[in-house]
Structure formats: structure tokens, C-alpha cells
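Here is a small set of exercises to work through at your own pace. Keep the viewer open, try each task, and then compare your steps with the worked solution.

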Amino acid sequence: GLNVVSFSGGISPAVTVYGTATLNNTNIYGTKLSALDTDPMWPVYDLAVGNYSKTIVKDSKIGSVITWTHSYLEFNNTEVDTIDTRAFHSSQKGETVIGAGTTVGRLNVVPESNYDTKYGYSLTIKNGATVKILDISKITNMTYIIIEEGAVVEKVITAAGEMTYEEYLESKSPIGQLKLAFKNGGEFKVEENLTLTETLELPEDKSLVIDLNGKTLELKDEDDNKGKIISKGNLTIKNGSLENNDIEKNVLIDKEEGSLTLEGVTVNDKASYSGTTIFNRKGLMTINNSTINIESENTGCKTGDVESCGNTAIENYGDLVITNSTIKSDASVRYGVTTHSGNVTINNVNFDVKRRGGMAITGGNITVDNSIVNSYWYAFYVANFDGDTTLTINSGTYTASGYSIIYNGNAVETYKGMVTVNGGTFKTQSNKRNLLTLDGTPA
């Protein structure tokens, strides 16, 4: 219960060790700076451990502590409020040891010059020790920081923010780093193939660019967890593959708000027959130089049970731009794109959809240029369910083998949309089929 007050014009700690010291049953805390010390060299500390010194503290209570670069400091069965450690694993080694029975309120690992990157910190938190807050937010080299099994670290502060120790350990793994990227935004580069077995959500106030770097991110169901992406912010995914091999999955990417950009991405989905592969609920979605490939194990869909097929590869309620891309299905989904509203631009897109058609249009303004549709039922299905609907085709090649290339109106007068054909090549694979059907009547 000893209160020590520093009184020095040069340096402020109450107790400073320059040689060797053993402190047993010693209480040093509550130090205050003297009013006469108007220009202290350091902030107020209760204990300072100088270079080339060795200090061992047992069964004590210490308030605030600072260590120098080449000092050795060890605590056992001691209560410490705060430690600022500058101990480095250098040629003249410094080390801080938090021993068994010791509780530290806050442990700050403090960078100093280039020692951080050159040597790394020498810090050991031993079995039976407790650190309530470990702050490593300002350092880069953690090679010699050792946290033994049985040690308790309640919270860790990193450059990415505050987290539990369990979250910190997870953040060191590649998938944990991806999860942090969704939490904090910024840029993330994938360095190896990853498997995601839970839902990642990008908040509405964050922007994130994921560079797949030629690697594959597999979205996988595990137990009750769904490996999928929900985006409320601004998300860009580029240069790699998204893979889904679980046949019971629904949506892979669910864009609720903000913007979504796929650039140079291949999406291989073997489960979308149960729903939609990519869902744009609101805002702008842009797909460029990408491939959406759907190959389901749903044999019922392939043999004609249309109701068991997935709805669509892409479902849109916002604005949609697809350029220089391919949407391909082996009869697992009904349509390549289903759009209900917004402005939709399709330019140089190859639809190879073996079931109902290339696009289902129930609302919005759609413009198609220089594209290709090969489908079984329709190239374009137009039904004005959701509001004023316009479809303008300027160029391209469109083929439907089973029914009309353009089916407008769903056999109901009020369901007709405004269809304008300015150019293009239209083919049927049977002379019994029609180029255009209006209100269920061939035209």
C-alpha cells in the first residue's frame, strides 16, 4: 500500500532499475508527477526498467511499467495495471515475461525506430497468466511473441480493431483474414484456394475489393451454416473463381444494397436449381468479362420436370449491366437472367441456356446489343407483371428451338411489354415455331 511520488527534473518514474533487482511483496503504484517537474522526459510511470538491466517481480502490486529495448523483466503472481514494453529480440536481447499468477490490465507492445521490423518483440505470456487487453496495433513483426497454452488473453487490439483472442487467432488464418476484410472493408488479395462455410456480410458503410488472384473461393454448406456472401455495401470481386458444389444451396451472392461488380470471375454453381445464383435486390450490379456456369445434379429438371428447376442464374430488381460475358446452364435453371425492374444493359453476352430461355423480363427497361442466345423455349420471355416493360434489341443472334424466340404477353393483353427490334438475326430450329408471339398468338 505504498504510494510513491516522483520528484525529478529529468525523468519521471518513481522507481528505475539500471542493474539487477528482485522485488518481492513490493507495492509501487499511484505515482503522480510533482508540480515542480514541469518538463519530464517521460510520462509518469511507477516502475521503469533500463537497458541491460534485469528485474524480477513476485507477489507484488505495480501500477504502470515501462521497459527499455534491451531490458529483462519478469512478473510472477503479481498484479500490474499497465505495461509499455519495448523489449526486442535483438543481438542484445530484451525480454518481457508475464508469469503464472500474474494479471495485467493492459499490455502495450510499443514500436521503437526500426527495431520492430528488424528484430521482432520478445514477449512471453505464460500458462496461468492473464492479460486483459493486449495492444499490438502498432507493430508488424510478431515472430517472438509467445502466448502459451493455458494463458488467458481476454481482448486483442490490432490495426484491424478490437477482438477476442479467439477471433484474433482466427484472423491469422486466410479465411479469418477474409472475414476481417468483410468486417472492415478495404482490399483483400487471396493467396490460396479457400473454402467458406459460413455467411459473410459486407456492411452498408463499407467498400471492399476482393482480388481472387487466380484462386478459387468455394462456398460450401457445413451443418446449418451457409457458405454465401451478403453485400449491403460496395463489393468488387475480380480475377478468379467462385465455386459451389453443394446441390441444396440457394443464393451464392445476395446483394441487398450498394453496388456489386464481378470482373474476370467464373462462377461454377452446381446447386442453383433450388433458387438463384446471384440476386440483385437493389442498386447497381455490373458483370464484365465473366462466366456464370450452372451444372446441376438435378436429373428431374434435365428430363423435363420444369418446376423442379432453379429459377434463374441472375435475378435482378435494380440496375444491371452485363458485358463481354457468358451465362451457361445445362438445363438446371429456367432462365439466364430474370429482371423485374430497373435499367438493364446486355452487350456482347452469350446465353447458352438449355431450358426455358435466355431472359425472363417482367419489368424494367432492357437494351440488348451484339449478344447470342441459344435456348430451348424462348430467347426472351416478356410478361409485364411488375410495371412498364420495354425490350429493345439492336443486334445479335437469337435462337430458340422449342417455342417463340420472343414471347410477349403471356397470352394476356395487359401483360404485353413494348418490344422494339432494330436489328439482329433470329433463328428457329423448326419451321413450326414462331419468331414472335404476342398475347399467345403468333405474329
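## Exercise 1: Helix 3 and the pocket

Just after helix 3, Gly185 has a positive phi of about 80 degrees. The model you are looking at is a predicted one.

**Task.** Find which residues of helix 3 are buried, and work out which helices help to line the largest pocket.

**Solution.**
- Step 1. Start with the helix itself: Gly176, Leu178, Leu180, Ala181 and Phe182 are buried in helix 3.
- Step 2. Turn to the open space. Rolling a probe the size of a water molecule over the atoms shows where empty space is left.
- Step 3. The largest pocket holds about 250 Å³ of space. Its lining consists of 15 residues, and Thr158, Ala159, Ala160, Tyr168 and Lys172 are the closest to the pocket centre.
- Step 4. Assign the lining to elements: helix 2 (165–171) and helix 3 (174–184) each supply at least two residues. Helix 3 gives the largest share, with 3 residues.
- Step 5. Sort the lining of the largest pocket by class, and you get 8 nonpolar, 6 polar and 1 charged residues.

## Exercise 2: The whole chain

**Task.** Describe the overall make-up of the protein: how many helices and strands are there, and what percentage of the residues count as buried?

**Solution.**
- Step 1. Count the elements: the protein has 4 helices and 42 strands.
- Step 2. Look at burial: 49% of the 443 residues count as buried.
- Step 3. Check the surface. The accessible surface of the protein is about 19,200 Å², and 45% of that belongs to carbon and sulfur atoms.
- Step 4. Consider the contacts with a separation of 6 or more: 59% of these are between residues 24 or more positions apart.

## Exercise 3: Two nonpolar cores

**Task.** Which residues touch the most other members of the largest nonpolar core, and what does Ile314 contact?

**Solution.**
- Step 1. The largest nonpolar core has 54 residues, of which Ile237, Ile314 and Phe380 touch the most other members. Strand 31 (residues 343–353) gives the most to this core, namely 5 residues.
- Step 2. There is another core apart from this one, with 34 residues that include Ala21, Val65, Phe88 and Met163.
- Step 3. Place Ile314: this residue sits in strand 28 (residues 310–316). Its relative accessible area is 0%, so Ile314 is buried.
- Step 4. List the partners of Ile314, leaving aside neighbours within four places in sequence. They include Thr276, Ile278, Met285, Leu320, Ile322 and Val337.
- Step 5. Add a distance: Ile314 and Val251 are 63 residues apart in sequence, and their C-alpha atoms are 9.7 Å apart in space.
- Step 6. Do the same for Ile237. Beyond its neighbours within four places in sequence, Ile237 is in contact with residues including Ile210, Leu212, Ile253, Leu262 and Val265.

## Exercise 4: Buried or partly exposed?

**Task.** Classify Ser241, Ser122 and Thr345 as buried or partly exposed, using 20% relative accessible area as the lower cut-off.

**Solution.**
- Step 1. Ser241 belongs to strand 22 (residues 234–244). Its relative accessible area is 18%, so Ser241 is buried. Leaving aside neighbours within four places in sequence, Ser241 is in contact with Leu212, Lys215, Thr216, Leu217 and Thr266.
- Step 2. Ser122 is in the loop between helix 1 (115–119) and strand 11 (123–125). At 4% relative accessibility, Ser122 counts as buried. Its C-alpha atom is 8.2 Å from that of Thr143, which is 21 residues away along the chain.
- Step 3. Thr345 lies in strand 31, and with a relative accessible area of 33% Thr345 is partly exposed. Beyond neighbours within four places in sequence, its contacts are Leu320, Val321, Ile322 and Thr367.

## Exercise 5: Positive phi outside glycine

**Task.** Where are Asn77 and Asn213 found, and what phi values do Asn77 and Asn213 take?

**Solution.**
- Step 1. Asn77 is in the loop between strand 7 (72–76) and strand 8 (79–85). Although Asn77 is not a glycine, its phi is positive, near 50 degrees.
- Step 2. Asn213 is in the loop between strand 19 (207–211) and strand 20 (216–219). Its phi is positive too, at about 60 degrees.
- Step 3. Finish with accessibility: Asn77 is partly exposed at 44%, and Asn213 is partly exposed at 27%.

Technical notes. Residues numbered from 1 in each chain as written. Predicted model: local features only at pLDDT ≥ 70, side-chain atom pairs only at ≥ 80, totals over all residues. Heavy atoms only, no water. 1 Å grid on protein atoms, 1.4 Å probe; cavity = no way out; pocket = protein on both sides within 12 Å on 5 of 7 lines; lining within 4 Å. Points joined across faces, edges and corners; volume = space filled by probe spheres on them. Nonpolar A, V, L, I, M, F, W, Y, C, P; charged D, E, K, R; others polar. Buried < 20%, exposed > 50% of the residue type's maximum accessible area, 1.4 Å probe, protein only. Contact = heavy atoms within 4.5 Å. Areas by Shrake-Rupley, 256 points an atom, 1.4 Å probe, with all protein chains shown as cover. Core = buried A, V, L, I, M, F, W, Y, C linked by side-chain atoms within 4.5 Å.
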